[in-house]
Amino acid sequence: MTGLVMLLFLTIVLGTMLGAVSIGWRNILVMLFDALPFYSSDRALEIAPVYRDILLQIRIPRVLLAAAVGSSLAVSGAVFQGLFRNPMADPYVIGISSGAALGAVFAMLSGFSLSVGGFGAVPLFAFFGGTLTILLVYSMARVGRAVPVMTLLLAGIAISSFLSALVSLLTYFAGEKLHQVIFWLMGGLSGATWLQVKVMVPYALIGYCCVSLFSRELNAMLLGEETASHLGVDTEKVKKILLAGASFLVAAAVSTSGIIGFVGLVVPHFIRLVAGPDHRFLIPASALLGGILLIATDTLARVIIAPTELPVGIITALIGAPMFIYLLKKRKKLKYFGGGG
C-alpha cells in the first residue's frame, strides 16, 4: 500500500509538470509556497504569471479531479465484480452510464441554461440520469423484500441497452451539436475546475466510506448469498448499501468526466492478481491505482499530440484492452469468481 501511495504522489507531480506547457518542479514548489497566505518569495516574481495560472487554475484541479474520478471508477468496479460475482462487471454494468449519458445528451440538445451551485445543465442531468437509472433497475429487480443479484444484473443490462438505444437516437438527430455529444461520450477532463473538485471529492469520500465499511461482508458475499447469510451477514441490507455507495461513486464520476471505460474493469483485477481478493485491501488499493492510472492516461492524452489533446477515454481503452487480454491469460488465478480457471 505504501508503494501505491508513493506512486500516486509521483504521478501527481508528473501530471502537474507535463502538458502543452512544461513547468519545472522547482517552479511548481515556488508557486505553491507563494500561494500560501503566510509566505512570499522573491523567486516567484521571476516566474511569468501565465505559469501560475496554468498550474493553480488548470493543471492542479485537473490532476485532483482525475484522481477522484479514477478512484471512484476503480472502487465501484471492485464492488460490482464482488457483488455480482462476475469478473466482467464494471461500473457501467447496470446502466448508470447509459442513464447519465441520456441525461447529458438531452441537456446538450435541449439547450437548457440551468445552473445549480455553479454546475451547468449537462453534469446535473447526467448525475440525475444515472441516479434515476439505478433506482429504476433496483425497483424492477426487486421481488418482495429481496433483490436477487442475477435479476438485478439482467435488469441492468436490459435497461442499459434500452437507454443506449435512446442515446444513439438522440445522437443521430444531434445536428450541429454532434461534436459536443461525441466528445462528451468519449470522456475527458479538459473542463476540470476547482468547483468540480470541491463537489466531486466529498461525493467520492461518502461513496468510498459506504463500501469500505462493508468490505468484510463483501468478502462473505463472494461465497454466495446463502453462505453469507449462514455467516451472519444481512445480505439484503449489505446489497442495498453497497449498491447505493458504488452507484453514488459512478454517477458522480460520469457527471464530471463523461464515460471513461476500462479503469473500473481492469484495476480491480490487477490488484486481485497481485494481492488476492480480500476486499479489505482490494478496495483501498483499487482507489489508489485507479487514481494513478487516470492521472497517467490523462497526462498522456494532454501531451501525445500537444497542443491539441485526445479524449482520455480513448487512451484508457487503448491501454485497458491489452491489459484486460493479459489478465484473461491469467484467468486460472480468477477462481474466486467460481469457474474462472
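Colleague: At what angle do the axes of helix 5 and helix 7 cross?

Modeller: Keep in mind that this is a predicted model. Two packed helices are described by the angle between their axes and the distance between the axes. Here helix 5 covers residues 96–110 and helix 7 covers residues 149–172. Their axes come within 9 Å, and the crossing angle is roughly 20°.

Colleague: Is helix 5 roughly parallel or roughly antiparallel to helix 7?

Modeller: The axes cross at roughly 20°. Angles under 35 degrees count as roughly parallel, so helix 5 and helix 7 are roughly parallel.

Colleague: Is the crossing of helix 5 and helix 7 left-handed or right-handed, and which kind of residue, nonpolar or polar, has the count of nine in the contact?

Modeller: Helix 5 passes helix 7 in a left-handed crossing. Helix 5 brings residues including Leu 102, Val 105 and Phe 106, while helix 7 brings residues including Leu 163, Ser 164 and Val 167. Of the residues in this contact, four are polar and no charged ones take part, and the nine are nonpolar.

Colleague: Moving on to charges, how many salt bridges are there?

Modeller: Side chains of opposite charge can pair when their charged atoms come close. A pair counts if a side-chain nitrogen of Lys or Arg lies within 4 Å of a carboxyl oxygen of Asp or Glu. By this rule the count is five.

Colleague: How many residues apart are Glu 309 and Arg 62?

Modeller: Their side chains meet in a salt bridge, at 2.7 Å from N to O. Glu 309 sits in the loop between helix 14 and helix 15, while Arg 62 belongs to helix 4. So the pair links distant parts of the chain, and Arg 62 is buried at 6% relative accessible area. The two residues are 247 residues apart.

Colleague: Is Glu 309 buried, partly exposed or exposed?

Modeller: Its relative accessibility is 26%. Buried would need under 20%, and exposed would need over 50%. Therefore Glu 309 counts as partly exposed.

Colleague: What separates Glu 236 and Lys 239 along helix 12?

Modeller: These two side chains form a salt bridge at 3.0 Å, N to O, and both residues are buried. They are three residues apart in helix 12, so the separation is about one helical turn.

Colleague: Which residues do salt bridges with shared partners join into one network?

Modeller: Start with another pair: Arg 280 and Asp 278 meet in a salt bridge at 2.8 Å, N to O. Arg 280 is partly exposed at 45%, and Asp 278 is partly exposed at 28%. As for the network, its members are Arg 62, Asp 298, Arg 302 and Glu 309.

Conventions: Residues numbered from 1 in each chain as written. Predicted model: local features only at pLDDT ≥ 70, side-chain atom pairs only at ≥ 80, totals over all residues. Heavy atoms only, no water. Axes fitted to C-alpha atoms, helices over the stretch in contact; angles between N-to-C directions. Helix = DSSP H or I, 4+ residues; strand = E, 2+ residues; numbered from the N terminus. Parallel < 35°, antiparallel > 145°, perpendicular 65-115°, else oblique. Left-handed = near helix turned anticlockwise from the far one by under 90°. Contact = heavy atoms within 4.5 Å. Nonpolar A, V, L, I, M, F, W, Y, C, P; charged D, E, K, R; others polar. Buried < 20%, exposed > 50% of the residue type's maximum accessible area, 1.4 Å probe, protein only.
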